[in-house]
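Me: Please take a close look at a single strand in this structure and at how its neighbours are arranged around it. I would like one connected account that also says how far the coordinates can be trusted and what other parts of the structure look like.

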Amino acid sequence: MTPRATPRRALACAATVITAGLLLAACGGDKDDSKGSAPAAADNAAAKSSTVKIVVSDEDCAPTPASVPAGTVRFEVGNKGSAKVTEAELLDGGKILGEKENLTPGLSGDFTLTLDAGKYQVYCPGAKTEKSDLTVTGTARKTWKDDPALVGATQQYATWVTGEVKELVTGTDAFTAAVKAGRTDDAKKLYGKARVHYERIESTAEIWGDIDGRIDGRIDDAATAADFTGFHRIEQELWEKNSTAGLGTLADRLSADVHELHTKVQHVEYQPAAIANGATELVNEIQTSKITGEEERYSHIDLLDFDGSLAGAQEAVSVLLPVLKQKDPALADTVTSRYQATATALKAYAATPGYQDSGYVDYSKVTDAQRRVLAQAVDAYAESVSKIAGKIA
Amino acid sequence: MKTPPQGPVPDDTPDITPEPAQRASLPAASAVSRRRLLGAVGAGAAVAGAALGAGGTALAGRDSGPGAAAPAGSAAPATVDFRGTHQAGIATPSQDRLCFATFDVAPGATRADLAALLTTWTAAAEAMTLGRPVPGDEGDLNTPPDDTGEAVGLTPGRLTITLGYGPALFDDRFGLTARRPSALRPLPKLPGENLDPALTGGDLCVQACADDPQVAFHAVRNLRRLGFGTVLPRWMELGFGRTSSTSHQQATPRNLMGFKDGTRNIDARDEDVMGRHVWIGQEEPQRWIRGGAYLVSRKIRMRMEQWDRDRLGDQQDVFGRYKGSGAPLTGHGEFDTPDFAAKSGGRYVIPDDAHIRLASPEHNNGLRILRRGYSYTDGIDQQTGDLLGGLFFVAFMNSPDRFVTLQRVLGAHDALNEYIQHIGSGVFAVPPGLAAGHDWGEQLFG
């Protein structure tokens, strides 16, 4: 990845890390944020429908009634005679969920929202009392944890990630052993074999911030020369100098870092939306750092990285696909066919054993026109994957 | 190089005519509320359909039709009708900015995919021309917003979105061979051109014009985004300043050579002239394209550094006009009819290779086209450090053969050729306007 890009944020915020009783809560309050959003309506077939009347005046905009059951709520807003107060908004904390504005005296209008249980405020700027409470009663909204299919999907994904990180450890240890033994040609072939496992789970490794930078950072990201460590630091020496001289310490540190990652990923719980968004990040990364040749600028095994990122995205999508097929079959079809189109485009460059045993040709030999064809398939796939989270969450 | 002008010298004071329809500030009421429309739903709420557009969010006064000009001295209308007899963006008084893109249909995309996209594009284009965001379920925090958002808070800026189809679309990929507009074929090789394939052609084109460049760019960007998986962008141009006026109520703008080069353009309010020269009429056997037009685009690079070193007398001879006033070399005012027969000292006052002579209807059997071009820049030439830029020529006509006829003359003889080169090209059939309830998909596929 490109560490200074921010993809790690999304997944890091959404994953919950459970370690020895310590709960690192997710940032951003994903549950609260989706209160009142469209998907809630679909989840709650028994939702009630009610109407709230609001008359804005110089005094206030108190709702009648002040309490309604969760479900579809139609807000009828009128202004009988206030020149000063001409709008009403429904707020959830500081957030506007709906509003009616420019209601000059005599005008009325309405808006409709799907609301979950909770406290809301009717807000009419300019009135003596600007905010009045509206209470929405009922049981708390169901979450993905109430859906066994989604719980199963997250467990399946967690198991897969753990397995990939285990292979990353095995592959990296073989690679670093070759580096330390001075077997340069072997090291070059083992480099890609280790890295592909990192590319597959990179969106989850980014949760750990520093460790990702140490393992996968680029020379451009390093504040000082000493901060440039990990795979790409060793890659630079292997391909630019064709030598392993002086790489022992870097090899040891890389090995230690992937072992540490392995320990950490044992205790992560992934949320469905985060898995989906992680897939988008992986596909975006193909576009920004693989197609461009940026990531493997010394070794040119970018097509193997491409393969890894694509496989990682495909795994994430696959675990969610049964649920997606129920919620939005058309999107499920689109995602599947665009994945296949991308895989087919990549396969045109497969080779056995391939450049540096990577299974693919040397990426520096792929022309700009050919890269553009790859990029077009990747772009289309990424666009469809980016829509999954909103459907399954 | 040429001799200095021989003819009478008119008042050569610079023209500083204000553009009546363009510069008036918009009334507060027309600052429609892109922000509000989006804002109401952008915060995470599901708002039922009826909530939008009702009550206080009424849109500002409409243009009374794509051909209507803004009344002089009053505010320009904020929106131009998307639907009508003809597509907007042709007879519409030229907006200040352009974003033009062409697309190829992606390999593997089907007729059904293309039809569905054109239906989606219709809805998105209509919404954007009204100053509304691309329709969708904005506000869901787990979903990327359906609209990219950069036009929120901007007025619609008389946005028009004009769609055209290139010759290649009517090959056998989509079952459209029997619907090919009869004059639609690739342009022949024309004299003096040096076309870059990367700047030429395309299965579809989208012309977005608006008075705000960000509104025009936003339109193309969002259509492109909706097209992922179905169409691939081929090339794109941003025109930063209009070089044509399509209504005599608009002042004639200047091109990057500093000249008024559109004084004798068709006045698009003249329905008779438009009917004879621009709109595809009853002579066309493909009924579905009648009421449309052909669009020819040419990316014309100007060698600005060399031009700027040419002496004024020669610059004026190249165009056949005075640089300051825009008057023909035989006249005093910009709109004086050029006298191509006038001689002085045995030579034509408007030289025989002057641009306005060779391009004139008088020298082309009355042939006219509606020009609607924009100045562009691509920054700096990395080899020479010279400015890269010029004219992104767009013209509408009832047959692309009209352009071919003109360009065969101009490309071979125009004195301007010393300073310009055609480097990109496109020809597209622009279908007629859509009636209420119809969309581009069903119009194309029938």
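Reply: Two strands count as paired here if DSSP finds at least two bridges between them, and the account below rests on that criterion. The coordinates belong to a predicted model, which scores ipTM 0.77 and pTM 0.77.

The strand I take for the close look is E1 of chain B, residues 97–105, in which eight of the nine residues are buried, so that it is largely enclosed by the rest of the structure. Strand E3(B), residues 204–210, pairs with E1(B) in the antiparallel sense through seven bridges, and within this pairing Phe100(B) lies opposite Gln207(B) of E3(B). Strand E4(B), residues 231–239, is likewise antiparallel to E1(B) and is joined to it by eight bridges; here Val105(B) faces Val231(B) of E4(B). In reading such a strand residue by residue, one should bear in mind that in a regular strand the side chains alternate between the two faces of the sheet.

Further along chain B, strand E11(B), residues 387–397, can be described in similar terms, since eight of its eleven residues are buried and it is therefore largely enclosed by the rest of the structure. Three strands of chain B can be followed as its partners. Strand E6(B), residues 293–302, runs antiparallel to E11(B) with eight bridges between them, and Ile300(B) has Leu391(B) as its bridge partner. Strand E10(B), residues 374–380, is also antiparallel to E11(B), over six bridges, with Ile380(B) matched to Leu387(B). The hairpin formed by E10(B) and E11(B) has six residues between the strands, and Gly385(B) adopts a positive phi near 80° in it. Strand E9(B), residues 370–371, contributes two bridges to E11(B), again antiparallel, and Arg371(B) is partnered there by Ala395(B).

As to confidence, chain B has a mean pLDDT of 86, with 82% of its residues at 70 or more. Residues 1–74 of chain B are another matter, as pLDDT stays under 50 throughout them, although the model has 182 contacts beyond four places in sequence for this stretch. Where pLDDT is low, the predicted coordinates should not be read in detail.

Chain A offers a sheet and a helix to set beside these strands. Its open sheet of five strands follows the order E5-E11-E10-E7-E8 with mixed pairing; the edge strands, each pairing on one side only, are E5(A), residues 67–69, and E8(A), residues 95–100. On average, neighbouring strands in this sheet are turned by 25° against each other, direction ignored. Inside the sheet, E10(A), residues 118–123, and E11(A), residues 131–137, run antiparallel and share six bridges, with Tyr123(A) opposite Lys131(A).

Helix H11(A), residues 329–347, has 19 residues, which at 1.5 Å a residue should span 27 Å, and its end C-alpha atoms are indeed 27 Å apart. Its buried residues include Ala332(A), Val335(A), Arg338(A), Tyr339(A) and Thr342(A). Viewed down the axis of H11(A), the buried residues fall within an arc of 140°, so they line one face of the helix. What covers these buried residues includes the chain A helices H10(A), residues 302–327, H12(A), residues 368–385, and H13(A), residues 388–392, whereas the face of H11(A) turned away from the buried side carries the exposed residues Pro329(A), Ala330(A), Thr344(A) and Lys347(A).

Methods: Residues are numbered from 1 along each chain as its sequence is written. Chains are lettered from A and ligands numbered from 1 in the order in which they are written. A residue is buried if 20 or more other C-beta atoms lie within 10 Å of its own, exposed if 12 or fewer, and partly exposed in between; C-beta atoms are placed from the backbone. Helices (H or I, at least four residues) and strands (E, at least two) are DSSP runs, numbered from the N terminus. The expected span of a helix is 1.5 Å times one less than its number of residues. The arc is that of the directions from the helix axis to the C-beta atoms. Two residues are in contact if their C-beta atoms, placed from the backbone, lie within 7 Å. Axes are lines fitted to C-alpha atoms, for helices over the stretch in contact, and angles run from 0 to 180 degrees between N-to-C directions. pLDDT is the predictor's confidence in each residue, from 0 to 100.
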